[in-house]
Amino acid sequence: MTHSPSFSVAGKTVLITGGTGGIGGAFADAFQAHGASVIVADLRPPADPQPGRQYETLDVCDTKAVEALAARTKRLDVLIHCAGCLARWEEYKADIFAEIVDIHLVATMRLASAFRPQLKETKGCLINIASMYGYFGAAHAPAYSAAKTGVIGLTKSLALGFAPDGIRVNAIAPGWIKTEISRGGRENPEFNTKVVARLPNGEWAEPEELAGTAIFLASPAAQLINGVTIPVDGGYVAS
Ligand SMILES: NC(=O)c1ccc[n+]([C@@H]2O[C@H](COP(=O)([O-])OP(=O)(O)OC[C@H]3O[C@@H](n4cnc5c(N)ncnc54)[C@H](O)[C@@H]3O)[C@@H](O)[C@H]2O)c1
C-alpha cells in the first residue's frame, strides 16, 4: 500500500514567541497562509497587527507570565520559541551573560514545561531556534553562542523526555538572515565580508526562506523526525 505524506498544517494552533520580529513574523505569515491559527507572543504588540492573528504581550524570561499564558491557552499544536536578542561584548559581564542564556536557553525549557499539557493533548511539537553559533564559538557573543549550543543539546533531551507524551522536539539553526538582530553584523564591513565569502550563494537570506522548514517540521510528513537540529543556512556549514 502506498502512503502519501501530508505536509499540511491547516487547522493547527501555533504559538510563536518573538513573533513580531523578522524570523518569527515570517513564520507567523507562513503558518497563517497555510491555514493555521497563529498566536504571537512578544515583548510589545506590533506596529501593524495582522488581521486574524492573536497577539499576546510576553517576556519569555517571566515564568509567571509564561505560566499565565499557558493557563489561558486551551489548545496548542506547535510551539516555536523564536524570541531572542544579543548583547555582544557586554556578554562578558556575568549578569548580562545570564540574561542572554535565559532568553534563548532557559526560556526554551520554561515554555516547553508550561505548554507540555496542551502539546500532549494534540500530540504536537516544539520547534526551537538554534544558530550557526550553536556549532562554533563567537568571541563577540559568548552567551549567545553558549545558549545556542545549549538549545541544540536541550532539543535532544526534550525529544527523549517528551516522547512518552507523543510530543516531537526539533530545532532549526538559521544561517545568516536579514533581521534586526543581525543588523550589527551586516553593517560591519569586515564581519560581513567574512560571512559572505563563506556562503556558497554569496548572500544573506530573507526570513521567509526559513518558513518552509518550520512548516515541514510541524506537519505530519515529519512524524519520524525527532531531536534534530536542521541547519537552514544556504550551505554555510558545508563550506
Ligand atoms: N537573523 C539571523 O541571522 C539569525 C541567525 C541565527 C539565529 N537567529 C535566531 O532567530 C531568532 C529570531 O531572531 P530574528 O532574527 O527574527 O531577530 P529579531 O530581532 O528580528 O526578532 C527577535 C524578536 O524577539 C523578541 N524578544 C526579544 N527578547 C524577548 C523576550 N524576553 N520575550 C519575548 N520576546 C522577546 C523581540 O521583541 C523581537 O520581536 C532568535 O532566536 C535568533 O537568535 C537569527
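Me: Where is Lys156 placed, and why is Lys156 called partly exposed?
Reply: Lys156 belongs to helix H4 of what is a predicted model. Its relative accessible area is 47%. Partly exposed covers the range between the buried limit of under 20% and the exposed limit of over 50%, so Lys156, at 47%, is called partly exposed.

Me: How far is Lys156 from Ser131 in sequence and in space?
Reply: The two are 25 residues apart along the chain, and 15 Å separates their C-alpha atoms.

Me: And what makes Ser131 buried?
Reply: Ser131 has a relative accessible area of 7%. Buried means under 20%, so with 7% Ser131 gets that label. You will find Ser131 in the loop between E5 and H4.

Me: How do you know that Ser131 makes a polar contact with Tyr133?
Reply: A polar atom in the side chain of Ser131 is 3.0 Å from the backbone nitrogen of Tyr133. The cut-off for a polar contact is 3.5 Å, so a pair at 3.0 Å falls within that distance.

Me: His140 is in that loop between E5 and H4 too. Why does His140 count as buried?
Reply: The value for His140 is 18% relative accessibility. With the limit for buried set at under 20%, 18% qualifies, and therefore His140 counts as buried.

Me: Which distances separate His140 and Arg88, along the chain and in space?
Reply: Along the chain they are 52 residues apart, while their C-alpha atoms are separated by 5.2 Å.

Me: What makes the backbone of Arg88 worth a look?
Reply: Look at phi: Arg88 has a positive value of about 50 degrees, although Arg88 is not a glycine. Its place is the loop between strand E4 (78-81) and helix H3 (94-122).

Me: Is Arg88 buried, exposed or partly exposed, and why?
Reply: Arg88 has 29% relative accessible area. Buried would need under 20% and exposed over 50%, so Arg88 is partly exposed.

Me: Which phi value does Lys123 have, and where is Lys123 found?
Reply: Phi of Lys123 is near 55 degrees, again a positive value in a residue other than glycine. Lys123 is found in the loop between H3 and strand E5 (125-129).

Me: Why is Lys123 called exposed?
Reply: Lys123 has 54% relative accessibility. Exposed means over 50%, so 54% puts Lys123 in that class.

Me: What about Val237: where does it lie, and why is it called partly exposed?
Reply: Val237 lies in the segment after strand E7 (229-232). Its relative accessibility is 38%, a value between the 20% and 50% limits, so Val237 counts as partly exposed. Val237 and Tyr135 are 102 residues apart in sequence, but C-alpha to C-alpha they are 8.7 Å apart in space.

Me: Why is Gly175 called buried?
Reply: Gly175 has 15% relative accessibility. That is under 20%, so Gly175 counts as buried. The loop between strand E6 (168-174) and helix H5 (183-186) holds Gly175. From Ser8, 167 residues away along the chain, Gly175 is separated by 25 Å between C-alpha atoms.

Me: Let's turn to the ligand. How do you know that Asp59 and Thr20 make polar contacts with the ligand?
Reply: A ligand nitrogen is 2.9 Å from an N or O atom in the side chain of Asp59. An oxygen of the ligand is 3.4 Å from an N or O atom in the side chain of Thr20. The limit is 3.5 Å, so both pairs pass. The backbone joins in as well: a polar backbone atom of Val60 is 3.0 Å from a nitrogen atom of the ligand.

Me: How much of the ligand does the protein cover?
Reply: The protein covers 91% of the 830 Å² of accessible area that the ligand has on its own. The ligand sits in the largest pocket.

Me: Which elements and residues surround the ligand?
Reply: Helix H1 (22-33) and helix H4 (142-162) are the elements that give two or more residues to the shell. There are 27 residues around the ligand, and Gly22, Ile23, Asp42, Tyr144 and Thr179 come nearest. By class, the shell has 13 nonpolar, 10 polar and 4 charged residues.

Conventions:
Residues are numbered from 1 along each chain as its sequence is written. This is a predicted model: local features need pLDDT of at least 70, side-chain atom pairs count only at pLDDT 80 or more; totals for chains, interfaces and linings use all residues. Side-chain values use heavy atoms; hydrogens and water are left out. A residue is near a molecule or strand if one of its heavy atoms lies within 4 Å of it. A polar contact is a pair of N or O atoms within 3.5 Å; within protein, one must be able to donate a hydrogen and the other to accept it, and residues adjacent in sequence count only if both atoms are side-chain atoms. Accessible areas come from the Shrake-Rupley method with a 1.4 Å probe; for residues, only the protein chains shown count as cover. On a 1 Å grid over the protein atoms alone, a cavity is a set of points where a 1.4 Å probe fits but cannot get out, and a pocket is an open set with protein on both sides within 12 Å along at least five of seven lines; lining residues have an atom within 4 Å of a point. A molecule sits in a cavity or pocket if more than half of its atoms lie within 2 Å of its grid points. Helices (H or I, at least four residues) and strands (E, at least two) are DSSP runs, numbered from the N terminus. Ala, Val, Leu, Ile, Met, Phe, Trp, Tyr, Cys and Pro count as nonpolar, Asp, Glu, Lys and Arg as charged, and the others, Gly among them, as polar. Buried means under 20% relative accessible area, exposed over 50%, partly exposed in between (1.4 Å probe, protein chains only).
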